Amino acid sequence: MPQHVRGVVARAKGEPVRVETVVIPDPGPGEAVVRVQACGVCHTDLHYREGGINDDFPFLLGHEAAGVVEQVGPHVTDVAPGDFVILNWRAVCGRCRACRRGRPQYCFDTHNARQRMTLTDGTELSPALGIGAFAEKTLVAAGQCTKVDPAASPAAAGLLGCGVMAGIGAAINTGEVGRGDTVAVIGCGGVGDAAVAGARLAGAAKVIAVDIDDRKLTTARSLGATHTVNSRTADPVQAIRDLTGGFGADVVIEAVGRPETYRQAFYARDLAGTVVLVGVPTPEMKLELPLLDVFGRGGALKSSWYGDCLPSRDFPMLIDLYLQGRLDLDAFVSETIALDEVEDAFARMDKGDVLRSVVIL
């Protein structure tokens, strides 16, 4: 029987979100219903509300979540009712050209639930990133459920579903930070701070955090930054060079997504170094660089999609590190809130007052 639950819905561009009744169908083949325990408030949800992703309103927001599998449909074998899972938006297909070449972290045909959740009048909802987890329960493809150790706090674990995984993965997977490397991270919001933590996990000798907000730099230091630079008062390129013997960092992670900060990252890296873009630009942004500099500096210019993660590989490993006390996911949880406080949380996030607000259900 379909279930009626509360969920946070964005009905039109720019309008405040509100809690409405959402109808969850029984899971079909390859689908699962998950009872959501916690879901982080991510900038991507705000982009959906503002129409920055697409205009497929109304949206059921929320995607950075953990919970317990309640029901599964036919042909589901990887998870079962009662499993504690982190939801992901990379349910790999196993058949596309990336998967066949042994690179499932780049799967080009990820999938979501086939059925749609609806409002009580039958209006179909578009779930954010195919998840829609600002709700008491949600319907997803079973492949979007990654089973992890249930000893983990749902509020902390759910953050691996998007922002924290994007940052850690940008350092470990995309940037391939190694022991003894020097790393700079430009932009110390939730994703940037996760990149700092990822660089520390990977054994970087020096981790330089760059931001215009001293509050964020203090947080970055607590998560593993060895040095900080306020780019409002100092030239970040020169500061990074001064901190790396005049050479620049081996890996520079750009977690802002703007042309000016990307240029800083490009010129702040050492010869043959790597730039990783994990900050998300807007469609109208353009970048201009002298092609001779691109050639002459060598190295690699990379973009990091979801931290180039493979959820089935990375989520359980990172949860194990969390439970061992080696990865402080709790530090990313600035506050816990109720479903009806999401709109206010958007405002605090936009002002940079929080790393993550987390809805507890």
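Which residue in S7 is the bridge partner of Val23? Select Val23 and then Thr118, for Thr118 is that partner in S7.

The model is a predicted one, in which local features need pLDDT of at least 70 and side-chain atom pairs count only at pLDDT 80 or more, while totals for chains, interfaces and linings use all residues. Residues are numbered from 1 along each chain as its sequence is written, and side-chain values use heavy atoms, with hydrogens and water left out.

Widen the selection to strand S2 (residues 18-24), which runs antiparallel to S7 and is joined to it by two bridges; strands here are DSSP runs (E, at least two residues) and helices are runs of H or I with at least four, numbered from the N terminus, and two strands pair if DSSP finds at least two bridges between them. Both belong to an open sheet of five strands with mixed pairing, in the order S7-S2-S1-S4-S8. Strands S7 (118-119) and S8 (126-127) stand at the edges with a single partner strand each, so one side of each has no neighbour in the sheet.

Next, select Arg49 and Glu343, whose side chains meet in a salt bridge (2.3 Å, N to O), a term that calls for a side-chain nitrogen of Lys or Arg within 4 Å of a carboxyl oxygen of Asp or Glu. Because Glu343 lies in helix H11 (residues 342-350) and Arg49 in helix H1 (residues 43-49), the pair ties together parts that are 294 residues apart in sequence. Add Glu50, which also forms a salt bridge with Arg49, the closest N and O atoms being 2.3 Å apart.
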